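Me: I'd like to go through this model and ask how each label was earned. Can you set the values against the cut-offs for me?

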Amino acid sequence: MIDLKTAGLKITVLTFSMVSVMACKKNFQKPQPVAFSNVAVFDWFDYRGNDDAYQNLSKSDADYLNPILAGFYPDPTICRVEDKFYLVNSSFCYFPGLPIFESSDLVHWKQIGNIINRAEQADFGNSRLSGGIYAPTIRYYKGTFYVICTNVSGVGNFIVTAKNPAGPWSNPIALPEVNGIDPDIFFDEDGKVYITHNGPPPNNVSVHDGHRAIYMLEYDLEKQKTTTAPKLVINGGTDMSIKPVWIEGPHVVKRNGFYYLICAQGGTGFNHSEVVFRSKNIYGPYESYAQNPILTQKHLDPNRKNQVSTTGHADFVELPNGDWWSVFLGCRPYGPDLYNLGRETFMMPVEWKNDWPEIVGGNEPIPLIHKRPNLPLSKEKTEPLNGNFVSKDNFDSNVLDFKWSFIRTPKEKWYELINGKLLVKPRKESIHTETNFSFIGRRQQHLKFEASVKFEFNPENNLTVAGLTAFQNEKHYLLIGKRLNADNKLEVFVERTASKINNGKSEIISKKELLDADKELFVKIEGNGRNYSFYFKTAQNSDWVLLIKDVNGSILSTKEAGGFVGTYLAMYTSSKHF
């Protein structure tokens, strides 16, 4: 046990294994001693969502709000086990990966773990942030949960299993014969198991840009391997005469003797949609529904109120009473195809018409409030994941809450939770690099929000920094932090990095000397659509001081930054930031 003094605060530092950090909270193991020095000490993190769209909504217990998971929760997949529902999302190179949620009413969701929570399951190395874990499928069969997925930065397509959805989940079972992404696993009534996935066009010959295909092959559960060659089931999409692009995200559903293949089509941007095919035979031939797409927003007025765009990549679930519902991704833009939140999880009912499924209102503007599913309303108190809410973490637990993420797989231990404080070690890895730098973040979940932290930090030199960042990727972020300037004076500053500004180099866009140098520092980011404002203060009861107002935050949008992720709000420190 070693005493640590930082910013005049005496703290006894303990450590615990990274495995126990990532495991379920109930599996916490006793810490072992180790020492840190020159750390950033965070007292709390406060997040407040205040979207205008929810201000005037009158929601009763008969309703639910869309999105059901706000913020960066893309590519949703869902299954039901008796009276419980389980939902999993893509996570790319954030770690732990594949967040899993549980609900009994499809309205109130609670994160119960992360499927990828051990280094041996996925090492993202120095992969680009939008690499890593792509679209999963979760299913349950004879007492076992199965998640099939793609790690484009590692093993490729794989399956993990668990008896308990909260974990532990197995190490990945590789599927080298599955060539492509977005795999689905389907358990037929005769005991046969099928994997369906996106892949290259037949013979790798593209008829047009974005030409892809859907393939299917059989899988042996006991031998844990595929047993047949991939068979082409969908070439291109709904109608090759219209040159469909990016058929992907397949899921197989069986009902009334038909096999249904629901797929995303049109790419992940503005033209995203969901389409459906059916056949009496698992391998087809599959007929395209005459009313396709069953979900899209691409044709609607871009000036409509409370716009939801880019809808698609759906999965279906049947309720105990025979009703069907869909979960799918969508975005909430603040300008022309500009969204910082990433792709979020929405939900709408499914109706069956002449043995074809249609997502109710799928081609109409997606409502932010809708009548909820016909299920008993959960009475369990859970932290809200949509609507306007306040979420404050005082770091008074022995492990990080499930909402916190790192970037890429940690290779060493660099943070502690001690006596209601979060201690984060500055390291040579920085926010500019595709590494696991000292970053602990949560999703931005609202267009209009506030995020603030209280922390103490005494930088050793003018290369060192600590603070709060609004982060899209290593080349697109905004940061408010504390540093030593060239005159060795402590100051608070705002930094911007964007590929199309200042030749992509980081620039300080505002700064102010800190007169109370040794005191705690409070910093805050306020967001309102594209505008981000930055504040600080040096005492709890003092007023916030505006450092810079209405910085253009479109650099955090997918349109500007590229990739597939959403904005994170994160505590950050580095010993070689500059």
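Reply: Sure, starting with a lining: Ser91, Tyr94, Pro96, Pro99, Gln111, Asn114, Phe402, Trp404, Ser405, Arg443 and Tyr568 surround the second largest cavity. This is a predicted model, where local features need pLDDT of at least 70, side-chain atom pairs count only at pLDDT 80 or more, and totals for chains, interfaces and linings use all residues. Residues are numbered from 1 along each chain as its sequence is written, and side-chain values use heavy atoms, with hydrogens and water left out.

Me: What makes a space a cavity, and what makes a residue part of the lining?

Reply: On a 1 Å grid over the protein atoms alone, a cavity is a set of points where a 1.4 Å probe fits but cannot get out, and lining residues have an atom within 4 Å of a point. The whole structure has two cavities of 30 Å³ or more, and the second largest has a volume of about 60 Å³. That volume is the space filled by probe spheres set on the points, which are joined across faces, edges and corners.

Me: How does the lining of the second largest cavity divide?

Reply: Into six nonpolar, four polar and one charged. Ala, Val, Leu, Ile, Met, Phe, Trp, Tyr, Cys and Pro count as nonpolar, Asp, Glu, Lys and Arg as charged, and the others, Gly among them, as polar.

Me: Which residue does a cis peptide bond join to Phe95?

Reply: Pro96, with omega about 0 degrees. Pro96 sits in the loop between β8 (94–95) and β9 (97–103); strands here are DSSP runs (E, at least two residues), numbered from the N terminus. The bond from Gly284 to Pro285 is cis too, with omega near 10 degrees. Such bonds get a mention because most peptide bonds are trans.

Me: Why is His313 called buried or exposed?

Reply: Buried means under 20% relative accessible area, exposed over 50%, and partly exposed in between (1.4 Å probe, protein chains only). His313 has 5%, so His313 counts as buried. His313 lies in strand β25 (residues 309–318) and has a positive phi of about 50 degrees although it is not a glycine.

Me: And what is phi for Phe395?

Reply: Near 55 degrees, again positive in a residue other than glycine. At 2% relative accessibility, Phe395 counts as buried, and its place is in the loop between β30 (390–393) and β31 (406–407).

Me: Why is Ile508 called partly exposed?

Reply: Its relative accessible area is 33%, so Ile508 falls in the partly exposed class. Ile508 lies in strand β39 (residues 507–513).

How values were computed
Helices (H or I, at least four residues) and strands (E, at least two) are DSSP runs, numbered from the N terminus. On a 1 Å grid over the protein atoms alone, a cavity is a set of points where a 1.4 Å probe fits but cannot get out, and a pocket is an open set with protein on both sides within 12 Å along at least five of seven lines; lining residues have an atom within 4 Å of a point.
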